[in-house]
Amino acid sequence: MTSKAATIFKNIGLGFILLIGVVSCEKDLEDIAVDLTGQRPFDVGDSIFEIIAYHKNLDSSRVDNNNPQKLPLYLLGVNHNSTFGGLKSDLITQIALPLTGVDFGDNPVIDRVVLDIPYFSTRDGDQAAVDPETGLPIKDEAGDSIKVPNFKLDSIYGKTDLAYKISVYELGTFLNTLNPDDPTKPKSYYSDKDYVMNDKLHESDFLPNRNDTVLYVERVHLDGDPGTVDDIDTIIKENSNPTMKFDLDPQFFTERFVKHDNTSDFESNDNFVRYFRGLYIDAEGFDGSLMNLLTNDGTMTIYFTNDEVVDEEANQDLNYNGITGESQVLAKTKQTMTFTFGGVRTGKYDRDYAGSIAEQALMNPDKVNGESKLYLQGAAGSEIIIELFDQETLDYLRAQRFLINEANLVVYVDGEQSEVPEKLLLYKYDFDSYLSDYYINVSLEYAGGALEYDSEGKPEKYKFRLTDYISKVLNSTEPLVLSKLALKNFVSTDNSDFATADTLVQDWNWSPKGVVLHGNKPKENSKRLKLELFYSK
């Protein structure tokens with residue numbers, strides 16, 4: 001027995017409790033059980049393992065949709081908090097041609113161009129309709145308030161009552177679906193990539209609006225006099241869900257779309273995305289809110305009028321000549337053309353830890369002794385690196401041939417925190433792969449990681465089961481190579497199809513939620529990060 005191993009087991013009696021590194025025995029449970037197959041007694045014990053944990057600051061996260069098996073969300077907005085500092089996120093997307101193609105007809109004139117992006121929202125009863133200009137309730141003929149759906153916004157973080165600026169630009173960078181260096185593989189985009197922004201198409205102050213469910217489009221070109229409003233279109237989504245709406249520069253689209261004389265640029269989607277490369281939606285400001293967005297239903301719609309030969313109804317005067325009910329008259333008619341968010345979508349994250357509580361810990365992690373506080377955040381934020389055993393201790397433990405009945409890693413939330421991740425993922429850092437505990441039951445739930453609450457309903461801890469992994473690492477005959485472990489903010493792309501041997505952890509992350517956790521020290525802290533083992537010998 002080495003001198004270190006002798007020290008570990010000194011004064012433990014039967015040796016049921018293993019202490020590694022800085023020894024701290026929290027439990028002194030010892031049992032004698034019976035091996036039913038051989039009718040011989042065997043020892044049962046539990047152990048607390050001291051471990052080392054520290055931060056890793058991430059440069060970027062993957063943010064594209066080029067893997068059809070992984071459907072990420074996107075992040076837009078700005079937010080600043082004292083713990084994690086500032087985060088700004090922009091949205092970049094290609095625009096797809098309408099299925100019917102592009103044909104503006106004769107003498108087209110644009111009324112309005114609107115970029116429309118749905119929020120994540122939940123129906124929350126009804127409310128009284130309010131006139132958007134006067135702020136007064138809208139009533140029916142009987143004098144009763146008209147009821148309209150009421151919504152609450154989901155997946156929005158930060159200060160929703162604080163406005164920030166949104167600007168929309170023509171994207172100058174071409175987005176590839178395939179990797180130009182190896183066209184057999186999809187192109188990956190990361191959140192630290194820079195993009196070229198060309199013409200500015202929109203700029204305004206922005207506040208999330210949970211009841212932004214109606215778009216009014218004024219038609220001003222029907223009678224030939226753009227100084228008058230001839231008609232108003234009231235546009236409501238089929239499900240009435242709220243969306244954010246940004247007016248884009250109609251003159252830009254008049255020049256680049258309507259008057260564009262190279263029709264081949266609109267003949268196919270491949271040609272189109274090379275001509276009009278997409279939109280860059282830029283969030284600007286010190287503080288505000290961040291929104292997760294799916295964007296599949298995002299659209300850019302051109303509302304315009306053109307000349308058509310039509311038959312008037314008996315009471316219609318479509319060509320404004322003072323005569324109703326005419327046949328085959330040349331009139332201005334209302335049209336719409338909708339371009340969807342298609343092709344490649346990606347994003348850009350800018351982080352600023354300056355002056356934040358987490359700054360020093362993230363920039364100067366203590367990799368030798370570990371940390372007393374651990375700062376974890378998604379969206380190119382930070383992960384936690386965990387080291388379990390040194391080689392000498394590992395060799396000794398393998399020689400003891402312990403049967404591991406259960407192994408748990410328990411991570412406590414440090415203090416009261418409200419907006420923390422609902423789930424964390426524990427994985428093998430050295431190999432970017434899942435622990436075997438995740439896929440022996442083909443279930444991420446088996447291995448744990450979900451946030452647990454205390455008796456008062458406050459966030460308390462995350463608990464992980466790594467029994468199979470520790471058992472294989474401590475196997476005396478064919479041991480698994482020990483890896484550092486890592487904790488990250490869990491997102492839906494972390495769900496894996498283990499039946500197809502998909503065991504690599506992906507590097508998408510779009511959740512800006514962060515959490516402060518108890519670290520591995522001091523040893524007097526009962527909530528410090530530690531490994532629990534239950535074993536037989």
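**Exercise 1. Find the ring that the charged end of Lys423 sits over, and give the distance to its centre.**

Solution. The ring belongs to Phe490, and the charged end of Lys423 is 4.6 Å from the centre of that ring. The model used here and in the other exercises is predicted. A second case involves Lys187, which lies over the face of Tyr189 at 5.4 Å from the ring centre. Both contacts use a Lys, and the cut-off for its NZ atom is within 6 Å of the ring centre.

**Exercise 2. Classify the ring pairs Phe253 with Phe257 and Phe272 with Phe276.**

Solution.

Step 1. The structure holds 20 aromatic pairs. In one of them, the centres of the Phe253 and Phe257 rings are 5.1 Å apart and the planes stand at 75°, so this pair is edge-to-face. The cut-off for that class is over 60 degrees.

Step 2. Phe253 and Phe257 are four residues apart in helix α2 (residues 250-258), which means that about one helical turn separates them. Both Phe253 and Phe257 are buried.

Step 3. For Phe272 and Phe276, the ring centres are 6.0 Å apart and the planes are at 35°, so the pair is tilted. Phe272 has 0% relative accessibility and therefore counts as buried. Phe276 counts as buried because its relative accessibility is 0%.

Step 4. These four rings belong to a cluster linked by ring pairs, whose other members are Phe252, Phe266, Tyr275 and Phe339.

**Exercise 3. For the salt bridges Arg112 with Asp247, Lys348 with Asp194 and Lys472 with Asp468, state where the partners lie and whether each is buried or exposed.**

Solution.

Step 1. Side chains of opposite charge can pair when their charged atoms come close. The structure holds 28 salt bridges.

Step 2. Arg112 and Asp247 meet through their side chains at 2.5 Å, N to O. Arg112 is in strand β6 (residues 106-118) and Asp247 is in strand β16 (residues 243-248), so the pair ties together parts 135 residues apart in sequence. Arg112, at 21% relative accessibility, counts as partly exposed. Asp247 is also partly exposed, with a relative accessible area of 34%.

Step 3. Lys348 and Asp194 have their closest N and O atoms 2.9 Å apart. Lys348 is in strand β20 (residues 329-352), while Asp194 is in the loop between β12 (182-186) and β13 (197-206); the two are 154 residues apart. Lys348 is buried, with a relative accessible area of 11%. Asp194 counts as exposed, at 59% relative accessibility.

Step 4. Lys472 and Asp468 have their closest N and O atoms 3.0 Å apart. They are four residues apart in helix α7 (residues 467-473), so about one helical turn separates them. Lys472 counts as partly exposed at 36% relative accessibility, and Asp468 counts as buried at 19%. The cut-off for buried is under 20%.

**Exercise 4. Identify the strands joined to β23 by bridges.**

Solution.

Step 1. Strand β23 covers residues 403-412, and seven of its ten residues are buried.

Step 2. Seven bridges join β23 to strand β30 (residues 530-536), and the two run antiparallel. The bridge partner of Leu409 in β30 is Leu531.

Step 3. Five bridges join β23 to strand β27 (residues 459-465), again in an antiparallel arrangement. Here Asn408 has Arg465 in β27 as its bridge partner.

Terms used
Residues are numbered from 1 along each chain as its sequence is written. This is a predicted model: local features need pLDDT of at least 70, side-chain atom pairs count only at pLDDT 80 or more; totals for chains, interfaces and linings use all residues. Side-chain values use heavy atoms; hydrogens and water are left out. Buried means under 20% relative accessible area, exposed over 50%, partly exposed in between (1.4 Å probe, protein chains only). Two strands pair if DSSP finds at least two bridges between them. Rings of Phe, Tyr and Trp (its six-membered ring) pair if their centres lie within 6.5 Å; planes under 30 degrees apart count as stacked, over 60 as edge-to-face and the rest as tilted. A charge sits over a ring if NZ of Lys or CZ of Arg is within 6 Å of the ring centre and within 35 degrees of the ring normal. A salt bridge is a side-chain nitrogen of Lys or Arg within 4 Å of a carboxyl oxygen of Asp or Glu.
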